[in-house]
Amino acid sequence: MARIDSLLRAMTLEEKLGQLNLVTANQTVTGPIVAGEMPQDIRAGRVGGVFNLWGRETATGAQRLAVEETRLGVPLLFGLDVLHGHRTIFPIPLAEAGAFDESLWEHTARVAAFEAANEGVCLTFAPMLDVARDPRWGRIAEGPGEDPFLAEKFARAKVKGFQGESLSHRNAIAATAKHFCAGGAATAGRDYASVDVSERALREVYLPPFRAAVEAGVAAIMSAFNSVNGHPMAAHGVLLNGFLRRELGFEGVVMSDYGAIAELVEHGVAADLVEAAALALKAGVDMDMVSGVYLNRLPEALARGLVEMGDIDAAVARVLRLKERLGLFDDPYRFAMLEEDANETHRELAREAARRAITLLSNDGVLPLAADIRRLAVIGPLADAPAEMLGPWCAAGASANCVTVLEGLKSALPHCDIAHHPGVSIAGDDESGIEAACALAAGADAILLCLGESAGMSGEAASRAMLGLPGKQRALAEKVLALGAPAIALLTSGRPLTVPWLFEKAQAVLATWFLGDMAGNAIADVLTGRFNPSARLPVAWPREVGQIPIFYAERSTGRPPEANNPFTSKYLDCPVEPQFPFGHGLSYARVTLANLRVNKIEFSPDEHIETTIEARNESDKTTQETIFLFIHDVTASVARPLMELKACARVALAPYESKTVAFTLGAESFSFLGEDMEPLIEPGAFDILVGLSAERKNLLSARVRLLSISQPGGRA
């Protein structure tokens with residue numbers, strides 16, 4: 001702290017506020033363009049960090065302005081949205097979450113950090129940890145899906161991957177957990193909209209991933225655009241200073257999202273920008289992204305007594321501490337050193353990650369494709385669309401590096417006659433190409449329909465009220481499906497799409513999401529059976545938009561749905577159940593579960609309970625299976641969800657092999673938040689449910705009883 005204390009004593013007010021000023025270089029656009037004189041501001045000590053800037057020459061030039069041409073020589077932070085890769089683009093987070101594999105999540109983040117650090121980036125605005133149960137919200141693509149337990153595991157893996165063993169290492173970058181918090185619950189799925197959720201939902205669903213990130217040592221946290229229960233997050237002192245800093249002990253940097261502090265005026269909680277700056281600083285926001293209100297308005301706020309110099313010094317100290325942890329004072333021009341074969345190694349990982357992100361949603365036996373297939377028709381606007389394979393948030397990625405579906409198939413099936421026609425554009429109204437596409441598909445041994453969204457239809461500012469296929473893609477698909485040839489549909493998207501008619505008519509449907517650079521090769525690997533699909537849905541797949549929000553962990557109603565009783569909780573025009581539940585995913589093997597056992601029927605709070613189940617591969621194909629363990633608290637002082645995910649395990653099975661899979665749960669797995677929002681362990685009955693998805697009718701179950709400490713078997 002000696003260096004930081006010395007700098008604080010030497011800094012003028014303007015230089016202090018400069019450290020809190022995070023500006024954009026506009027090398028890529030991630031928000032409304034804001035005019036500025038960045039080089040002059042850096043020389044004047046009015047900038048603490050720059051984002052949307054990368055590249056050795058560019059970063060070195062900007063850093064030289066700060067280190068060599070300012071009075072105190074304080075280095076800059078360089079930030080970027082390295083969300084699912086830097087130069088090598090991996091599957092979007094929602095897709096990668098479907099692998100249910102922490103080692104994979106960590107590995108892709110590690111590679112992304114290495115590539116970004118090689119080009120001067122030292123701070124990523126990732127991971128995105130918003131639990132999302134509404135696929136209308138475009139940013140569902142950026143996170144781990146609907147379940148807080150899964151999001152916690154994702155948080156730990158990504159923070160570890162980005163930050164490595166130490167932030168001072170050249171190949172590490174500081175992670176930023178975002179968006180704090182509850183953005184995934186935005187009203188009607190509209191980006192930036194207000195959020196109204198209970199304190200219980202906050203504590204049980206939306207805050208746990210951030211707690212996990214803090215426990216993993218995350219360096220920074222970004223506050224969200226949205227308000228929560230009437231309090232905009234950029235001024236939410238109860239959650240920022242209270243929950244993050246006091247309750248969790250977070251000592252890192254809190255930054256605003258893009259322009260969010262100035263937006264406090266529009267939210268209606270600040271009369272002017274001076275008040276907005278004061279509210280955010282007092283609430284615990286250290287760095288102001290883009291709006292400039294800290295730099296330009298905090299002097300007046302200080303003069304009016306709205307903030308104190310101690311508030312400013314505390315924020316500046318946290319920013320300087322992050323720079324010190326990153327080693328920037330000792331090595332301001334730090335760059336990671338990539339090995340010569342890194343590019344190929346990283347592309348191999350991208351292919352593996354993409355294969356493991358593809359979810360086989362339905363298959364009546366048409367897949368894998370026959371080895372001797374002679375003629376394949378590849379139809380649709382996503383078949384040969386390299387830029388769309390990248391998905392949202394691929395700032396340093398390049399479409400030239402992407403392998404398209406068509407290219408991947410031609411490489412995998414060199415002796416097959418592969419004909420291609422887009423038929424229609426992704427979102428246009430022109431149907432004139434449908435006839436030609438159908439003529440080309442006629443007589444094919446199989447038809448591959450490549451349908452879905454453009455990359456720009458997911459991510460920030462990409463909410464959709466209607467989740468069907470955009471443009472005239474449905475018209476194309478229905479005409480092609482009517483030809484009668486075996487048809488396989490690939491859905492490229494950043495969210496589940498409501499296409500129940502497609503699941504009824506196509507012989508197989510795969511969720512291929514946005515898979516990144518190696519999309520085409522990965523898809524070809526799965527279609528041909530060279531890779532047995534193993535991904536599982538990290539989010540429920542709705543039949544219709546009217547079911548949203550939809551998720552497996554609902555609380556029970558006093559009138560659960562009954563087929564023959566209209567006065568129960570259901571729809572007149574649609575089933576209650578989703579098209580596919582959380583955890584759904586097929587493979588080319590058939591795995592069965594049997595012999596669910598628990599090592600004790602009764603257990604005390606200081607004991608662990610072990611659950612075992614036998615998984616058997618009933619096929620002649622090697623496979624990877626994900627097995628889920630849920631619990632249900634049968635009777636509690638607060639009604640509990642019908643199911644809560646508490647563990648999951650991946651198991652590799654050779655043909656006809658059986659393995660015993662074991663899960664160990666401590667008493668904390670059976671705890672919940674009581675009326676006072678404090679963790680509580682209540683005695684009583686619990687159902688342990690194990691299966692291959694959250695579809696309750698297919699789960700094996702056992703009932704156990706947690707004893708109170710005064711009961712026999714409990715602690716004295």
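Start by selecting Leu689 and Ser701: Leu689 stands opposite Ser701 in strand 26. Now widen the selection to strand 25 (residues 684–691) and strand 26, which pair in the antiparallel sense over seven bridges. Two strands count as paired here if DSSP finds at least two bridges between them. Strands themselves are DSSP runs (E, at least two residues), helices are runs of H or I with at least four residues, and both are numbered from the N terminus.

What you're looking at is a predicted model, in which local features need pLDDT of at least 70 and side-chain atom pairs count only at pLDDT 80 or more, while totals for chains, interfaces and linings use all residues. Residues are numbered from 1 along each chain as its sequence is written, and side-chain values use heavy atoms, with hydrogens and water left out.

Stay with strand 26 (residues 700–706) and add strand 18 (residues 602–603): these run parallel, joined by two bridges. Click on Phe603 and you'll find its bridge partner, Leu706, in strand 26.

**Zoom out**

Show the whole protein chain, with its 21 helices and 26 strands. Its C-alpha trace spans about 75 × 70 × 50 Å along the principal axes. Does the overall size agree or disagree with a compact globule? A compact globule of 716 residues would have a radius of gyration near 27 Å, and the protein chain has 26 Å, which agrees. (The radius of gyration is taken over C-alpha atoms, and the globule rule is 2.2 Å times the number of residues to the power 0.38.)

**The eight-stranded sheet**

Next, pick out the open sheet of eight strands, ordered 9-6-5-4-3-2-1-10, with parallel pairing. Strand 9 (253–255) and strand 10 (288–289) are at the edges, each with a single partner strand, so one side of each has no neighbour in the sheet. Inside this sheet, select strand 1 (residues 21–24) and strand 2, a parallel pair with three bridges. Leu22 has Gly49 in strand 2 as its bridge partner.

Just along the chain, stop at Asn52, in the loop between strand 2 (49–51) and helix 4 (56–68). Its phi is near 60°, a positive value in a residue other than glycine.

Two cis peptide bonds come next on the tour.

- Ala126 and Pro127 are joined by a cis peptide bond with omega of about 10°. Pro127 lies in the loop between strand 4 (123–124) and helix 7.
- From Lys178 to His179 the peptide bond is cis too, with omega near -10°. You'll find His179 in strand 5 (residues 174–180).

**Helix 7 and helix 9**

Select helix 7 (residues 148–163) and helix 9 (residues 208–215), which pack at an angle of about 25° with their axes 8 Å apart. Axes are lines fitted to C-alpha atoms, for helices over the stretch in contact, and angles run from 0 to 180 degrees between N-to-C directions. The two helices are therefore roughly parallel to each other; that label covers angles under 35 degrees, with over 145 roughly antiparallel, 65 to 115 roughly perpendicular and the rest oblique.

Which residues meet? Show Pro148, Ala151, Glu152, Ala155, Arg156 and Val159 in helix 7, and Pro208, Pro209, Ala212, Ala213 and Glu215 in helix 9. Contact means heavy atoms within 4.5 Å. By class, you have eight nonpolar, no polar and three charged residues in this contact. (Ala, Val, Leu, Ile, Met, Phe, Trp, Tyr, Cys and Pro count as nonpolar, Asp, Glu, Lys and Arg as charged, and the others, Gly among them, as polar.)

**The six-stranded sheet**

Last stop: an open sheet of six strands in the order 11-16-15-14-12-13, with mixed pairing. Strand 11 (359–363) and strand 13 (417–421) stand at the edges, each with a single partner strand, so one side of each lacks a neighbour in the sheet. The twist averages 15° from one strand to the next. Four bridges join strand 11 to strand 16 (residues 508–511), and the two run antiparallel. Look for Thr359 there, opposite Ala511 in strand 16.

Now add helix 18, which packs on the sheet and touches strand 12 (375–379), strand 13 and strand 14 (446–452); its direction makes about 165° with that of strand 12. Helix 19 packs on the sheet as well, touching strand 12, strand 14 and strand 15 (487–492), and its direction makes about 170° with that of strand 14.
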